[in-house]
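This report describes the strand pairing, the nonpolar cores, the ligand surroundings and two loop positions of one chain. The sequence and structure are shown first.

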Amino acid sequence: MLRSVILVLLVIAVYGEEQNALRQLISKRGPVALSRAISSCKQGRRQDCEDCSTVKICSYDQTALTSYRCQDVDPAKPYCTGEGICSETQEDGVVCNEANELCPMNSPGFYPDPSNCTRYLYCDSEMLGYEQNCLAVNNVYNQTTAACFLKRRSSDCFQVDCKNSRNINKWFVYTPFPQLYFLCSSNGAIMFKCPRETDVFDLDLKRCEFECREAGRFAHPNVRMYYECAFVSISKLQKFEQTCPPLLEFNAKDQKCLEKKNDLMS
Ligand SMILES: *[C@@H]1O[C@H](CO)[C@@H](O)[C@H](O)[C@H]1NC(C)=O
Ligand SMILES: *[C@@H]1O[C@H](CO)[C@@H](O)[C@H](O)[C@H]1NC(C)=O
């Protein structure tokens with residue numbers, strides 16, 4: 001009798017440890033973990049933290065019924081701590097600030113949340129993300145200014161529902177700022193940035209390619225070549241790749257191929 005009681009206690013203790021470990025693991029994923037299905041709840045808790053920024057509400061049979069972000073309830077208390085209490089500061093010993101999948105690699109700055117046009121985040125050089133919301137009603141984020149503005153037409157709000165099964169494992173260009181592109185993974189959106197401002201992610205070739213935005217000649221990764229953008233009809237710009245004549249290199253300032261600069265002279 002006593003042995004079985006001890007056994008039960010042991011099982012509960014081990015289970016508790018596992019749940020803790022799981023929580024740590026989930027916490028490490030950071031706020032992106034939001035887009036996953038909510039994990040089941042600890043026994044005896046009707047409210048708990050799903051991750052460092054999300055509270056979940058549970059039924060007695062340990063099913064998570066719903067969840068909300070602390071930040072949406074009170075921006076001054078963005079962290080979920082303890083048994084699902086929103087707080088100003090992070091919980092001690094829980095690793096929250098892990099790389100955020102919405103942060104492109106090695107490019108600190110402000111970025112949109114491509115699945116919600118009212119959300120954006122600041123990414124630091126370690127790809128830690130600090131989430132922000134457009135606070136004013138009907139305001140949406142503009143990547144060019146890193147600010148929110150009043151939405152006038154529906155196209156002002158660009159967002160893709162990455163939870164929709166149709167979109168899982170699909171790539172998208174973030175159209176309002178096409179240097180950015182993202183994958184809707186099963187864990188939510190993963191953001192990437194083309195190395196050059198003039199590049200756009202080619203969804204078929206799965207790589208960043210130069211895109212014509214105005215007529216003219218533009219630098220090519222190969223200095224012996226250049227891109228030529230020319231109108232082929234009133235509204236259609238077409239891209240051509242040209243190679244400079246032998247011994248010449250493209251000079252973006254002069255918009256043509258010139259003799260190679262002699263490094264000794266400069
Ligand atoms: C977008 O985010 C805001 C703020 O977090 C939230 O209130 C809103 O429901 C979200 N919209 C969608 C479509 O998820
Ligand atoms: C975003 O801001 C830029 C710079 O002010 C502006 O040119 C652009 O039109 C804005 N985008 C939208 C959708 O309003």
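A230 stands opposite Q238 in β18. The model in which this pair occurs is a predicted one. The two strands concerned, β17 and β18, pair in the antiparallel sense over seven bridges, and a hairpin of five residues joins β17 to β18.

**The sheet β16-β17-β18**

β17 and β18 belong to an open sheet of three strands, ordered β16-β17-β18, with antiparallel pairing. Its edge strands are β16, residues 216-219, and β18, residues 237-243, each of which pairs on one side only. Neighbouring strands of this sheet are turned against each other by 30 degrees on average, with direction ignored. On the other side of the sheet order, β16 pairs with β17, residues 225-231, in the antiparallel sense over four bridges. Within β17, Y227 is the residue that stands opposite F218. In a regular strand, side chains alternate between the two faces of the sheet.

**The sheet β6-β7-β8**

Another open sheet of three strands has the order β6-β7-β8, and its pairing is antiparallel. Here the edge strands are β6, residues 109-112, and β8, residues 129-133, each pairing on one side only. The average turn between neighbouring strands of this sheet is 30 degrees, direction ignored. β7, residues 119-123, and β8 pair in the antiparallel sense over five bridges. One bridge partnership can be named: L121 has E131 in β8 as its partner.

**The chain as a whole**

The chain contains two helices and 20 strands. It has 266 residues, of which 25% count as buried. Among contacts between residues at least 6 apart in sequence, 37% join residues at least 24 apart.

**Nonpolar cores**

In soluble globular proteins, nonpolar side chains tend to be buried together. The largest nonpolar core of this chain has 22 residues, and those with the most contacts inside it are L102, C103, Y111, F182, A189 and M191. At least two residues of this core come from each of β7, β9 (139-142), β12 (180-185), β13 (188-193) and β14 (199-202). The most is given by β12, with four residues. A second, separate core has six residues, including C49, V55, C70 and C80.

Which residues does F182 touch, not counting those up to four places away in sequence? The residues touched by F182 are P114, F172, Y174, A189, I190, M191 and F192.

**Ligand surroundings**

The table sets out the residues around each ligand and their division by class.

| Ligand | Surrounding residues | Division of the shell |
|---|---|---|
| Ligand 1 | D72, N116, T118, R119 and N133 | no nonpolar, three polar and two charged |
| Ligand 2 | N142, T144, T145, F149, D156 and P176 | two nonpolar, three polar and one charged |

The shell around ligand 1 thus holds no nonpolar residue, whereas the shell around ligand 2 holds two.

**Two loop positions**

K151 lies in the loop between β10, residues 147-150, and β11, residues 170-173. Is K151 buried, partly exposed or exposed? K151 is partly exposed, because 16 other C-beta atoms lie within 10 Å, a count below the 20 required for a buried residue and above the 12 that is the upper limit for an exposed one. Leaving aside neighbours within four places in sequence, K151 is in contact with N138, N139, V140, D156 and C157. Of these, D156 is also one of the residues around ligand 2. K151 and Y141 are 10 residues apart in sequence, and their C-alpha atoms are 9.1 Å apart in space.

L247 has its place in the loop between β18 and β19, residues 248-251. L247 counts as exposed because it has 9 C-beta neighbours inside 10 Å, and the limit for an exposed residue is 12 or fewer. Not counting residues up to four places away in sequence, L247 touches E259 and K260. The C-alpha atoms of L247 and R224 are separated by 8.4 Å, although the two residues are 23 apart along the chain.

Definitions and conventions
Residues are numbered from 1 along each chain as its sequence is written. Chains are lettered from A and ligands numbered from 1 in the order in which they are written. This is a predicted model: local features need pLDDT of at least 70, side-chain atom pairs count only at pLDDT 80 or more; totals for chains, interfaces and linings use all residues. Two strands pair if DSSP finds at least two bridges between them. Axes are lines fitted to C-alpha atoms, for helices over the stretch in contact, and angles run from 0 to 180 degrees between N-to-C directions. A residue is near a molecule or strand if its C-beta atom, placed from the backbone, lies within 6 Å of it. Ala, Val, Leu, Ile, Met, Phe, Trp, Tyr, Cys and Pro count as nonpolar, Asp, Glu, Lys and Arg as charged, and the others, Gly among them, as polar. A nonpolar core is a set of buried Ala, Val, Leu, Ile, Met, Phe, Trp, Tyr and Cys residues joined through C-beta atoms within 7 Å. Two residues are in contact if their C-beta atoms, placed from the backbone, lie within 7 Å.
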